[in-house]
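Colleague: I would like to learn how to read a model like this one. Could you take me through it feature by feature?

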Amino acid sequence: MSADRTATVYDDLPLTLSEAGTGRPVLILHGGGGRATVAGLAEHLSRTAHTLTPVHPGWDGTPRPEWLTGIDDLALAYLHHLHDRRLTDVLVIGSSLGGWTAAEMAVRDTAGIITGLVLINAVGVHVEAEPITDYFALDPRGAAEHTWHDPDRYYRDPAALSPDERATLQANMTTMRALTCDPYMHDPKLRRRLGRVRQPALLLWGESDRIVTPAYGAAYAAAFGDGRFAVIPEAGHLPQIEQPEATFALIDDHFSRTGTHSSRVAPR
């Protein structure tokens, strides 16, 4: 991944992001685990596209202004950044709360900057029969059991972390609470608004996710004006890490089917 640069969205909101590659712009939005969770995806896409991979304000030591208290604030900040850069034909990919942010961007994109969406195990809507797991109530082992298809492989013992790593993790969780807890991990108005989004949306879900189950992928796909749902076996909340080849192949296909230069025929 290339070196970070800083862009000013508002006077009190510097945005830290990394860019690589050339071609169609792809904005890649991480989830609660930070930008490292989408680093492999960004590296893969940078071979064929112009990737922009920000750090959400308040994650990994970056500043967060006091007024930035919701995913809607984050969505507008990224939309304004794309507008300021005069970027068009943008594919937005979001993992977990990054997927929620992508959906909120799409419902606010009156300028038509976004031409495709990929949501990976996204929070943001509510399914009555299967409420989103309270991640903040889980201990580290419980978090691993809910997140990964193979928790033994990916579990990290907090005792093995350095003091700096523990401090960063704690700060990240504080920011995630500020942005997602009122109401918890969803926007009650979002689901009904998604029918107005005509950009093709791909909903990718790890089959073993116990934080936000595949029922959420199906609900998102049904809510979008043009949604397509795909389940990735032997993967949990972060299929781009557990099953990168399968995940990247589905994203590459969506990349080629969307955008202003694709041969895709829009649905009637």
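Modeller: Start with strand β5 (residues 90-95), which is mostly covered: 6 of its 6 residues are buried. This is a predicted model, in which local features need pLDDT of at least 70, side-chain atom pairs count only at pLDDT 80 or more, and totals for chains, interfaces and linings use all residues. Residues are numbered from 1 along each chain as its sequence is written, and side-chain values use heavy atoms, with hydrogens and water left out.

Colleague: What do "buried" and "strand" mean here?

Modeller: Buried means under 20% relative accessible area, exposed means over 50%, and partly exposed is in between (1.4 Å probe, protein chains only). Strands (E, at least two residues) and helices (H or I, at least four residues) are DSSP runs, numbered from the N terminus.

Colleague: Which residues lie on the two faces of β5?

Modeller: Val-90, Val-92 and Gly-94 are on one side, and Leu-91, Ile-93 and Ser-95 are on the other. Both faces are covered, and all of these residues are buried.

Colleague: Which strands are joined to β5, and by how many bridges?

Modeller: Two strands pair if DSSP finds at least two bridges between them. Strand β3 (residues 25-29) runs parallel to β5 and is joined to it by 4 bridges; Ile-28 stands opposite Ile-93 in β5. Between β5 and β6 there are 6 bridges, and these strands also run parallel. Leu-91 has Gly-116 in β6 as its bridge partner.

Colleague: Now a helix. Which residues of α8 are buried, and what covers them?

Modeller: In helix α8 (residues 214-223), the buried residues are Tyr-216, Gly-217, Ala-219, Tyr-220, Ala-221 and Ala-223. Their cover includes α3 (97-108), β6 (114-120), α7 (190-193), β7 (201-206) and β8. Contact means heavy atoms within 4.5 Å.

Colleague: How do I read the packing of α2 and α3?

Modeller: Axes are lines fitted to C-alpha atoms, for helices over the stretch in contact, and angles run from 0 to 180 degrees between N-to-C directions. Helix α2 (residues 71-84) packs on α3 at an angle of about 65°, the axes being 8 Å apart. The crossing is right-handed: the near helix is turned clockwise from the far one by less than a right angle, whereas anticlockwise would make it left-handed.

Colleague: Which residues meet there?

Modeller: On the α2 side they include Ile-71, Leu-74, Tyr-78 and Leu-82, and on the α3 side they include Leu-97, Trp-100, Met-105 and Arg-108. The residues of this contact divide into 10 nonpolar, 1 polar and 3 charged. Ala, Val, Leu, Ile, Met, Phe, Trp, Tyr, Cys and Pro count as nonpolar, Asp, Glu, Lys and Arg as charged, and the others, Gly among them, as polar.

Colleague: How many salt bridges are there?

Modeller: Side chains of opposite charge can pair when their charged atoms come close. A salt bridge is a side-chain nitrogen of Lys or Arg within 4 Å of a carboxyl oxygen of Asp or Glu. The structure holds 11. In one of them, Arg-228 pairs with Asp-253, with the closest N and O atoms 3.6 Å apart. Arg-228 lies in strand β8 (residues 227-232) and Asp-253 in helix α10 (residues 244-257), so the pair ties together parts that are 25 residues apart in sequence.

Colleague: What other partner does Asp-253 have?

Modeller: Arg-257 also forms a salt bridge with Asp-253, the closest N and O atoms being 2.9 Å apart. These two are 4 residues apart in helix α10, so about one helical turn separates them. Arg-257 is partly exposed, at 34% relative accessibility.
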